[in-house]
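Colleague: I should like to go through this model with you, beginning with the ligand and its surroundings. Please take me through the reasoning one step at a time.

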Amino acid sequence: MQERLKELQEEAIQKVEQTDSLKELNDIRVAYLGKKGPITEVLRGMGKLSAEERPIMGALANEVREAISNKIEAKQNELEEAAVNEKLASETIDVTLPGRPVRVGNHHPLTRIIEEIEDLFIGMGYRVVEGPEVEQDYYNFEALNLPKGHPARDMQDSFYITEEILMRTHTSPVQARTMEKHDGKGPIKIICPGKVYRRDNDDATHSHQFMQIEGLVVGENIRMSDLKGTLEVFAKKMFGEDRDIRLRPSFFPFTEPSVEMDISCKICHGHGCSVCKQTGWIEILGAGMVHPNVLEMAGYDSKKYTGFAFGMGPERIAMLKYGIDDIRHFYTNDVRFLKQFSKHE
Ligand code: DAH
């Protein structure tokens, strides 16, 4: 029996040494150490042994089991380590390979223009505020001195949602909202960029949705000359120190007097060309002194406070600045168009 056990031990260890597969190793474990294995079989014959021999043989059987088990475990570790090493070797990353360049996006040209204009006015002490795009008729028209039935409402064809609610047609309602918030007290200096909506057919110069930037300054002793000076600084910073401005009388219900500002044409330097329609001047924005009715409706005493306001279209400014000939480019977002405004290329 003793010999048979030793034989089994040698046989098993030999098999373990010869294998290099984890599956085979497991088969060996089951075959030799399992309940139906030869060692269990040998031990079954222990009944025939004498009482002295039995513990000796039992101890030997355990030794043999342990020896085989240890050998299997050692082999298993060895095989597992080899597998890991092989995997590591086959999956090595070549860190010297050049990387794939990641394409960097860029700000939309309109975003850039708006940020540039914001920076300019922030530098002059203005705050940037926002207002709702879905607006009440009251703020969009009435509070701006455009009562129901006023003919000038037709200047801005509107998308009405209900009789009293519409998509704002301009950013001017933010003037009324801001003044109202101030409760008739203290100075105001804001600009408000945002989207506006009009029932226009889209073409090269019209879009049913576009951007505006509104400006409003209210205080004691605010004069037309302050407006002119502000607009001049803006125009020269935006378009170049060599550009001139001129103010033409105009009409807006919320300002009195009202003006439109032109800048001198960069292409023909005032001589007349197709861009300025032979006039030498290009219209940039509308402005004026805040109408006393507008101040009063928002709670300001128009005897004590005066103000100026202006409204401009960043698309138009971007078109002039970058020579873009169709407003629809801003909204169709062809990547070839957008890429031209990247800082990275
Ligand atoms: N809201 C006007 C428009 O959309 C633009 C405008 C003109 C705004 C004069 C003003 C202003 O604040 O003073 O046509």
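Colleague: How far does a polar side-chain atom of Gln 175 lie from an oxygen atom of the ligand?

Modeller: Please bear in mind that this is a predicted model. Gln 175 is among the residues that come nearest to the ligand. From a polar atom of the Gln 175 side chain to a ligand oxygen atom, the distance is 2.9 Å.

Colleague: How much of the ligand's accessible area does the protein cover?

Modeller: On its own, the ligand has 350 Å² of accessible area. The share of this area that the protein covers is 91%.

Colleague: Which elements give two or more residues to the shell around the ligand?

Modeller: The shell divides into 5 nonpolar, 9 polar and 2 charged residues. Elements that give two or more residues to this shell are strands. They are β5 (209-219), β8 (281-290) and β9 (306-312).

Colleague: Which strands are the edge strands of the open sheet?

Modeller: The open sheet has 7 strands, in the order β1-β4-β5-β9-β8-β7-β6, with mixed pairing. An edge strand here pairs on one side only. The edge strands are therefore β1 (127-128) and β6 (245-252).

Colleague: Do β5 and β9 run parallel or antiparallel, and which residue in β9 stands opposite Val 218?

Modeller: In general, strands of a sheet pair through backbone hydrogen bonds, either parallel or antiparallel. Here 7 bridges join β5 to β9, and the two strands run antiparallel. The residue of β9 opposite Val 218 is Gly 307.

Notes: Residues are numbered from 1 along each chain as its sequence is written. This is a predicted model: local features need pLDDT of at least 70, side-chain atom pairs count only at pLDDT 80 or more; totals for chains, interfaces and linings use all residues. Side-chain values use heavy atoms; hydrogens and water are left out. A residue is near a molecule or strand if one of its heavy atoms lies within 4 Å of it. A polar contact is a pair of N or O atoms within 3.5 Å; within protein, one must be able to donate a hydrogen and the other to accept it, and residues adjacent in sequence count only if both atoms are side-chain atoms. Accessible areas come from the Shrake-Rupley method with a 1.4 Å probe; for residues, only the protein chains shown count as cover. Helices (H or I, at least four residues) and strands (E, at least two) are DSSP runs, numbered from the N terminus. Ala, Val, Leu, Ile, Met, Phe, Trp, Tyr, Cys and Pro count as nonpolar, Asp, Glu, Lys and Arg as charged, and the others, Gly among them, as polar.
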